[in-house]
Each structure stands twice: as C-alpha cells, then as structure tokens.
Amino acid sequence: MQALAQWWRRLALGSVRQAWGLAPEGAAWALVGLTRPKQDLAKVHTSLSLQPPVGMDVADMRWLSQHLRQKGRTRGGFRHRLNMALPADQLQEGHIDFPADLSPTEWLYEVQLEASQALQLAPDAVNFDFEPEPYTGALVQRVRWMGCAQAHLIRFKSCTRAAGWRLATVESETQAAERAVRALQGGVASLLTQPPQDWLFRLSNGNHSAQTYMPMEPDGVIQEAARQVLATPTGSRLVASGLALKAWL
C-alpha cells in the first residue's frame with residue numbers, strides 16, 4: 001500500500017508542468033515561476049518583483065491580489081498552485097528533542113504548545129507544521145517546527161483566493177532558499193555568477209534519487225551560501241525559486 005501511494009505521488013508530481021513561489025521582498029513580493037521542459041530539469045519562466053502602488057497601505061493585500069490575477073491570466077488561466085514564504089517577523093521556528101521511543105502522534109500537542117508560547121498566542125490561534133530530522137540512532141529524535149498566527153495565514157489565503165490562485169504551502173525563507181541552492185545546476189558557483197532568470201534546477205526523474213542531481217557540496221557550504229544571498233536583493237528570488245521547487249522535490 002505504501003509503495004502504491006508513493007507511485008501515485010510520483011505520478012502526480014510528474015504531471016505538474018509549472019510551479020510558483022512567492023517570497024517577501026520588503027514591502028514588495030518576488031514572484032518566480034518555474035517550468036519543467038524535461039523530466040529532470042526545471043527552469044525559470046517568470047521572475048518578477050510585485051510592487052505596491054505608491055501611497056497604498058502595504059497591509060492592504062488587494063494590490064497583491066490584482067498583480068497575481070493579472071499574472072495568472074498571462075500564464076494560462078487561474079487556480080495556479082502557489083507556495084509562499086511568510087515575512088520573518090510573522091513566523092517562529094524552533095526544535096524539540098523528543099525521546100526516541102515516543103510515538104510521532106504524541107508530538108502534536110507539544111509542538112502546538114511550543115509554537116503558541118513562541119508566538120504569545122493561544123494554542124488554537126496558531127497554525128503550525130513540523131518534521132523530524134533524519135534519525136541517527138540516538139536516544140532523542142529532534143523535530144523541527146514552524147508556526148505563525150492563524151490570522152496571518154487566513155489573510156494570505158484570502159488574498160490568493162481572490163486572485164484565483166490556490167495557496168498550497170507556507171514555509172520559512174531559509175528552508176526554501178537552501179532547497180534552491182541544493183537543486184541549482186552548478187551549485188554555489190552558479191548561484192554567485194548567474195542571474196536569477198538563467199537558473200536551472202536538477203530534479204529527480206523518478207528512476208533515481210533526487211540526490212543524484214544535487215551538487216555534492218557539504219550542508220555547511222550550502223547553508224552559508226544561502227545565508228549570504230538572503231542578505232542581498234537576489235535573496236527573495238532564491239527563496240521564491242525554492243518555494244516553486246517544492247512542487248517536485
């Protein structure tokens with residue numbers, strides 16, 4: 001049954017021909033669209049900075065809905081799936097070390113409580129997600145979590161829905177940026193020398209593991225490269241690319 005579910009997932013992901021990521025860029029937003037010309041390759045087809053009108057309250061998301069609606073029309077209609085990163089000041093991240101023999105079903109309450117305390121909100125007012133790090137055989141299992149106020153998520157869902165798009169996932173800028181660097185053809189060297197519109201990303205073709213196509217660079221090198229680029233104007237494009245890649249990786 002598990003093998004069948006994995007087969008269906010690969011089939012579904014393989015049918016996705018384009019994917020989108022939206023990342024904060026100060027008061028603006030970076031929108032990146034990737035297309036999949038080959039089974040094992042994704043390339044940039046759209047790389048835009050969506051700017052709010054002069055004098056408009058940036059908290060009013062109607063301008064962003066209008067931009068997304070227009071871009072959706074030019075790329076073949078509506079109901080595009082969109083992966084998004086929240087601004088850093090609206091997000092909290094952390095980790096919890098659980099006893100290794102504790103069932104994953106028992107993580108839920110502790111993660112929710114940790115997120116609510118970090119956000120200083122009631123537990124039922126937070127939206128959160130979590131995933132375990134690879135198990136090393138130690139006595140504890142480290143679980144990384146991310147949380148935000150439900151009110152923020154509802155606001156962004158309303159914004160994208162009004163534009164005819166569908167908000168699929170929300171994650172942190174760091175996580176998305178590192179995914180993009182790992183998949184970037186040419187690795188860190190390409191990141192530092194190529195403009196964002198020329199980036200190519202290697203994907204799994206279903207017959208090999210995704211790692212086959214990733215640059216063989218240490219995690220520390222990838223993390224440092226992502227950190228440096230995040231501090232530059234290119235950082236939001238890197239994040240948006242990593243968000244779009246989530247559709248396939």
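Trainee: How many salt bridges does a search of the whole structure find?

Mentor: It finds ten. A salt bridge here is a side-chain nitrogen of Lys or Arg within 4 Å of a carboxyl oxygen of Asp or Glu. Before we look at them, remember that this is a predicted model, where local features need pLDDT of at least 70, side-chain atom pairs count only at pLDDT 80 or more, and totals for chains, interfaces and linings use all residues. Residues are numbered from 1 along each chain as its sequence is written, and side-chain values use heavy atoms, with hydrogens and water left out.

Trainee: Which residue forms a salt bridge with Glu25, and how far apart are the closest N and O atoms?

Mentor: The partner of Glu25 is Arg237, with 3.8 Å between the closest N and O atoms. Follow the chain to see where the two sit: Glu25 belongs to strand β1 and Arg237 to helix α8, 212 residues apart, which makes this a link between distant parts of the chain. Helices (H or I, at least four residues) and strands (E, at least two) are DSSP runs, numbered from the N terminus.

Trainee: Is Arg237 buried or exposed?

Mentor: Those words have cut-offs: buried is under 20% relative accessible area, exposed is over 50%, and partly exposed lies in between (1.4 Å probe, protein chains only). Arg237 has a relative accessible area of 18%, so this residue is buried. Glu25 is at 22% relative accessibility and therefore counts as partly exposed.

Trainee: Which other side chains meet in a salt bridge with Lys246?

Mentor: Glu171 does, at 4.0 Å from N to O. This pair also ties together distant parts of the chain, with Glu171 in strand β8 (residues 166-171) and Lys246 in the segment after α8, 75 residues apart. Salt bridges with shared partners bring Arg179 in as well, joining Glu171, Arg179 and Lys246 into one network. Glu171 is buried because its relative accessibility is 2%, while Lys246, at 29%, is partly exposed.

Trainee: What is the N to O distance between Asp60 and Arg62?

Mentor: Their side chains form a salt bridge at 2.6 Å. Arg62 has a relative accessible area of 58%, so Arg62 is exposed.

Trainee: Now for the inside. How many residues does the largest nonpolar core have?

Mentor: A nonpolar core is a set of buried Ala, Val, Leu, Ile, Met, Phe, Trp, Tyr and Cys residues joined through side-chain atoms within 4.5 Å. Here the largest one has 30 residues, and Leu34, Leu191, Phe201, Leu238, Leu245 and Trp248 have the most contacts inside it. At least two residues of this core come from each of β1 (18-25), β2 (28-38), β3 (41-50), α5 (173-183), α6 (187-193), α7 (219-230) and α8 (235-245).

Trainee: Which element gives the largest share of this core?

Mentor: That is α8, with six residues. Helix α8 is mostly covered, eleven of its eleven residues being buried. The buried residues of α8 include Gly235, Ser236, Val239 and Leu243.

Trainee: And what is Leu192 in helix α6 like, buried or exposed?

Mentor: Leu192, which lies in helix α6, has a relative accessible area of 57% and is therefore exposed. You can also compare chain and space: Leu192 and Gln228 are 36 residues apart along the chain, and 10.0 Å separates their C-alpha atoms.

Trainee: How far apart in space are Pro24 and Leu86, C-alpha to C-alpha?

Mentor: They are 6.8 Å apart, with their positions 62 residues apart in sequence. Pro24 is part of strand β1, and it is buried because its relative accessible area is 11%. Try the exercise again with Lys157 in helix α4 (residues 150-162). Lys157 and Leu167 are ten residues apart in sequence and 6.0 Å apart from C-alpha to C-alpha. With a relative accessible area of 36%, Lys157 is partly exposed.

Trainee: One last feature, the backbone. What is the phi of Gln120?

Mentor: The general idea is that most residues other than glycine have a negative phi. Gln120 has a positive value, near 55°, and is a residue other than glycine. Look for Gln120 in the loop between α3 (107-119) and β6 (126-132). Its relative accessible area is 73%, so Gln120 is exposed.
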